[in-house]
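The following exercises are intended for a reader who meets this structure for the first time. Each task is followed by a solution in steps.

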Amino acid sequence: MRATLYFRGSLSSCNYSCPYCPFSKTTDSAETLRKDREQIERFVQWAGDQAAAGHTLSIFFQPYGEGLVHRWYREAMIALSYMPHVERVAIQTNLSAKLDWTDRLNQDTAAFWATYHPGETTEERFLSRCQELHRRGIPFSVGSVGVRSAFEAIASLRRSLPEDVYLWINAFKDRGEYYSVEEIEWLRMIDPLFELNLPDYDSLGHSCRTGETVFFVQGSGIVKRCYSDRRVIGHLYRHGLEGLTQPRPCQMKECGCYIGYVHMPELKMEQHYGAGLLERRALSLGFQPNAR
Ligand code: SF4
Ligand code: SF4
């Protein structure tokens, strides 16, 4: 099977303090960190074992908090990136950690989803990290939430980023009809695919690859189908991919998050992102065409 796995361990701490985030400036106990490390190591071991079963994997680490400040996330990325049956390994990160370790990554498979938090870092600092990844030829996307207070910072970052780095903007949806027509037009100039993220897509009863070839795995091995549906569909280590896979129409009313709706076949999101879908690189627009 060709499967995509989103993985989230017990970590729930971050070195940043974004006001809208429950994990801001929190610290985990030594016990929680130990648990998180063991969960990541077990998952990497399991992933390695899947070659024998003929499975091909794409893996996305999506911690609650910042993972790359911890050695075991960096080591997991490196190990997975060299497994022949792993097509892609990516992580969501604020890019605050040093990047010298990325020299050890297999650049053909590793990628980053880097989120810019203007209130938590300077453009100069964030940009220098992006330039470092760019110099090393590691594929990555950069993104931010499109709240009005961040407009200026987003525009400035776009001007400074290398031209072939895609900058996505997540629509702010907490308040309905937040954007004016002019603002949408302006945001589209920065992120040509902004409007794909703007709607909450009708999804109830619609086909979705989550639960069939895409799975959301928690540290203990518990598996849910997606970011939104809280129901448990099985256990990675007990059931394996063969025991989990099943076509499952969506049971939620709407789907408004990139990591969910990109798996709805009817939206044909591959045509925009191609092989960059996991880390959100818009390959159709010519961004980072040299990176795989
Ligand atoms: S960087 Fe991400 S995880 Fe950390 S506080 Fe900000 S939003 Fe939360
Ligand atoms: S909410 Fe989105 S990701 Fe989850 S099953 Fe429905 S369409 Fe798929």
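Helices, meaning DSSP runs of H or I with at least four residues, are numbered from the N terminus. In this predicted model, R280 lies in the segment after α9 (270-273).

**Exercise 1.** Describe the backbone and the surroundings of R280, and then those of L95.

*Solution.*
Step 1. R280 is not a glycine, yet its phi is positive, at about 70°.
Step 2. A residue is buried if 20 or more other C-beta atoms lie within 10 Å of its own. R280 has 26 C-beta neighbours inside 10 Å, and therefore counts as buried.
Step 3. L95 is found in the loop between β5 (86-93) and β6 (110-115). Although L95 is not a glycine, it has a positive phi of about 60°.
Step 4. Because L95 has 24 C-beta neighbours inside 10 Å, it counts as buried.

**Exercise 2.** Determine the order of the strands in the open sheet, and state which strands stand at its edges.

*Solution.*
Step 1. The open sheet is formed by nine strands, in the order β8-β7-β6-β5-β3-β1-β10-β11-β12, and the pairing is mixed.
Step 2. At the edges stand β8 and β12 (232-235); each has a single partner strand, so one side of each is left without a neighbour in the sheet.
Step 3. From one strand to the next, the twist averages 25°.
Step 4. Helix α7 (residues 236-244) packs on the sheet, where it touches β1 (2-8), β10 (214-218), β11 (222-224) and β12. The direction of α7 makes about 110° with that of β12.

**Exercise 3.** Describe how β1 is paired, and explain why it is largely enclosed by the rest of the structure.

*Solution.*
Step 1. Strands of a sheet pair through backbone hydrogen bonds, either parallel or antiparallel.
Step 2. β1 and strand β3 (residues 56-61) run parallel and are joined by six bridges. Within this pair, L5 stands opposite I59 in β3.
Step 3. β1 also pairs with β10, in the parallel sense, over five bridges. Here R8 stands opposite Q218 in β10.
Step 4. Of the seven residues of β1, five are buried, and therefore the strand is largely enclosed by the rest of the structure.

**Exercise 4.** Examine the pairing of β8, and then the loop that leads to this strand from α4.

*Solution.*
Step 1. Strand β7 (residues 140-145) runs parallel to β8, and four bridges join the two. G143 has W168 in β8 as its bridge partner.
Step 2. The loop between α4 (151-160) and β8 (167-170) contains V165.
Step 3. V165 counts as buried because 21 C-beta neighbours lie inside 10 Å.
Step 4. The distance from V165 to T121 is 19 Å, C-alpha to C-alpha, while their separation in sequence is 44 residues.

**Exercise 5.** Identify residues around each ligand, and state how each shell divides into nonpolar, polar and charged residues.

*Solution.*
Step 1. Around ligand 1 are C14, Y16, S17, C18, C21, F23, S24, G65, E66, N94 and H117.
Step 2. The shell of ligand 1 comprises five nonpolar residues, five polar residues and one charged residue.
Step 3. Ligand 2 is surrounded by 14 residues, of which C208, C226, C250, C255 and G260 are the closest.
Step 4. The shell of ligand 2 divides into seven nonpolar, five polar and two charged residues.

Key
Residues numbered from 1 in each chain as written. Chains lettered and ligands numbered in written order. Predicted model: local features only at pLDDT ≥ 70, side-chain atom pairs only at ≥ 80, totals over all residues. Buried ≥ 20, exposed ≤ 12 C-beta atoms within 10 Å, placed from the backbone. Near = placed C-beta within 6 Å. Nonpolar A, V, L, I, M, F, W, Y, C, P; charged D, E, K, R; others polar. Pairing = 2+ DSSP bridges. Axes fitted to C-alpha atoms, helices over the stretch in contact; angles between N-to-C directions. Contact = placed C-beta atoms within 7 Å.
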